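Me: Could you take a close look at one part of this structure with me, starting from a single residue and working outward? I'd like one connected walk-through.

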Amino acid sequence: MSATVDGDTSGLVPDGVRRLLRGPRPESVPTLVGTACMLVGLIDIAAGVFPRFRHSRMHALAEVLPGSTGPFAAALSLSAGVLLLLLAHGLKRHKRRAWRAAVVLLPAGAVGQFVYRNSVIGALLSLILLALLLRHRSEFVALPDPRSRWKALANFILMGAGSLGLGLVIVSAHPRRIVGDPGITDRLEHVLYGLFGFEGPVDYHGQVSWTVAYSLGSLGLLTAVTTIYFAFRPEHPAARLTEEDELRLRALLARHGGRDSLGHFALRRDKGVVFSPSGKAAVCYRVVSSVMLASGDPIGDVEAWPGAIERFMDEAKAHSWTPAVMGCSETGGEVWTRETGLDALELGDEAVVDVADFSLTGRAMRNVRQMVKRIERNGYETKVRRARDLSDVELAQLRRAAADWRGTDTERGFSMALGRIGDPADGDAVIATAHKADDSADGTTDGTSDGSPYGDLKAIIHFVPWGTDGMSLDLMRRDRSADPGMNELLIVAALQACPGLKIERVSLNFAMFRSALARGEKIGAGPVLRLWRGLLVFLSRWFQIESLYKFNAKFQPRWEPRFVVFRSTRDLPRIGFAAMQAEGFVNVALPRLFLRGRPPRQSRPCPHMSVQAKEPEVRTA
């Protein structure tokens, strides 16, 4: 039985009885309807493209109708089929607007099929699907997804390419009625003219030229109308933290922030949040590609977590989003799986250093010790301070340097990155910096002089608070002209400064699949484990999987497992792709040409989860 926590009385009913009362899974009917809609759409397209194969009394009756009726019916069947294909995915996801549009298009496609092809079977299939939609209309209640106008460009490209391909099929579908033998260039030119409503170079016998013209014109009209709709419809932006939300989250973190090292990252302002009914717990999330991604554990009192998780699942169900959690702890994973029936998979391990146990002495720390001493002999100095102790001028310089030293064109980070430096509300954050004074007194410049726009600043590491006695690594940036080993230097400096800052634990990077890498290199590892480790090492050529593990291991941390929570294994590819988008590895935004003059999005590279946001020496660690 489920626990009754935070006003939840569902635990009074046994799980088996609750599943019985719920009946069959609601996903089955929309999935069936969506697949049927796709098939009916293909039939409508085929009915509008290909000519009649036989003659009957119905065909003779159709000849009595006005001359434009046949071509118009073909265009109607074709247009309805294309739109039904576009709506199929929305129907599978329970979308109410997709249901409304399908209810209108199905009878229109049936009429087009019957008038043009006199197809009784095709019309009946459309009407049967219409009846099925009306019978199960209560299943299609999902709200719209967050949207932005850049989808108009994507629609124009996809619809344009699809219209060109389908247009070539339409032009070539009447070989016995074509005048002459036009080549592929003439046919393509005819399609392009036809999409804009003009007559092309290909000619046909009889009424076929009207049918082809109407069909091509309808494809062009569909492309224009859908693109204009996406471009000028009101934006429905994704949820963002409001000032009130942030204040409530900070209050929860002040009381319970020491439980999870990722808690402070919930304050990213490009996330949404749902609170438990009592307001004692919250789950922060972002919606990416119809996946509702939460990160880390819920914020707040553990006893109130189930209430926040229930609100999260209700929000996902209301929009038909795929729920998922990235990087939760073992305790968080247990609560998520118990309360929702979701599954969990170990994703990797978080490196946590206990300050009291850290020391540069000993054989295990020899490499780090030698690297730090070498850099210090080269004239580098370090400073470790709270963000509130830096002046506005220094913070502005740090922000500018962090942006300019970013190693990628796109900003990265989501689940384990705050996305800002030096915000007045983040005064407890810790910033470690490396400096090297001007050593070019002879007038030469070697890239390290104070003539740099950043003065003697050479590297930055930013930590966010982890409760009152810990801090969690946010980002690491360095000047490319600085000596290798800046990350090691600043991490050691930060760890050594922790006692003065009253910090007892430090969360470093996240190492994906660490246990597989560690166990696979040991004596006695089985062939499957060795094969899996070999694959991870191979992938490390492009992604920092093995290098981040070895870099973290330099500081002799303890390892805390982190998990991904998901509904079913078939959702894992979608969740993985959405996570890569959220972290910044896959960029589906507008090209940079269209983004000139826009302020940059608020995000920063993620040193925990982002496996490419590190400096060169980390990649070769």
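**A close look, starting from Leu293**

Reply: Happy to. Leu293 belongs to strand 3, which covers residues 291-295. Bear in mind that the model is predicted. Leu293 counts as buried because its relative accessibility is 0%, and the cut-off for that label is under 20%. Leaving aside residues up to four places away in sequence, Leu293 touches Cys284, Tyr285, Arg286, Ala324, Met326, Phe414, Ile575, Ala578, Ala579 and Ala582. The C-alpha atom of Leu293 is also 8.3 Å from that of Thr322, a residue 29 places away along the chain.

One of those contacts, Tyr285, leads us to the aromatic rings. Tyr285 forms one aromatic cluster with Phe312 and Trp336. The structure holds 6 aromatic pairs. Among them, Phe312 and Trp336 meet edge-to-face, with 5.2 Å from centre to centre and 85° between the planes. Phe312 sits in helix 11 (residues 305-319) and Trp336 in helix 12 (residues 330-340), so this pair ties together parts that are 24 residues apart in sequence. Phe312 is buried, at a relative accessible area of 0%, and Trp336 is buried as well, at 1%.

A second pair is formed by Phe513 and Trp532: their ring centres are 5.4 Å apart and their planes stand at 80°, so this pair is edge-to-face. Phe513 lies in the loop between strand 11 (505-512) and helix 16 (514-520), while Trp532 lies in helix 17 (residues 527-539), so the pair ties together parts 19 residues apart in sequence. Phe513 counts as partly exposed at 25% relative accessibility, and Trp532 counts as partly exposed at 33%.

Rings also have charged partners here. Arg248 lies over the face of Phe275, 3.8 Å from the ring centre, and Arg505 lies over the face of Trp466, at 4.0 Å from the ring centre.

Finally, let's turn to helix 13. Its 12 residues (366-377) should span 16 Å at 1.5 Å a residue, and the end C-alpha atoms are indeed 16 Å apart. Val368, Val372 and Ile375 are buried in helix 13. Viewed down the helix axis, the buried residues of helix 13 fall within an arc of 65°, so they line one face. The general reason is that an α-helix has 3.6 residues a turn, so residues three or four places apart point the same way. Strand 7 (380-386) and helix 15 (486-501) are included in what covers the buried residues of helix 13. The face turned away from that buried side carries the exposed residues Asn367 and Arg377. After helix 13 comes Gly379, with a positive phi near 100°.

Methods: Residues numbered from 1 in each chain as written. Predicted model: local features only at pLDDT ≥ 70, side-chain atom pairs only at ≥ 80, totals over all residues. Heavy atoms only, no water. Helix = DSSP H or I, 4+ residues; strand = E, 2+ residues; numbered from the N terminus. Expected span 1.5 Å × (residues − 1). Buried < 20%, exposed > 50% of the residue type's maximum accessible area, 1.4 Å probe, protein only. Arc of directions from axis to C-beta. Contact = heavy atoms within 4.5 Å. Phe/Tyr/Trp six-rings, centres within 6.5 Å; stacked < 30°, edge-to-face > 60°. Lys NZ or Arg CZ within 6 Å of the ring centre and 35° of its normal.
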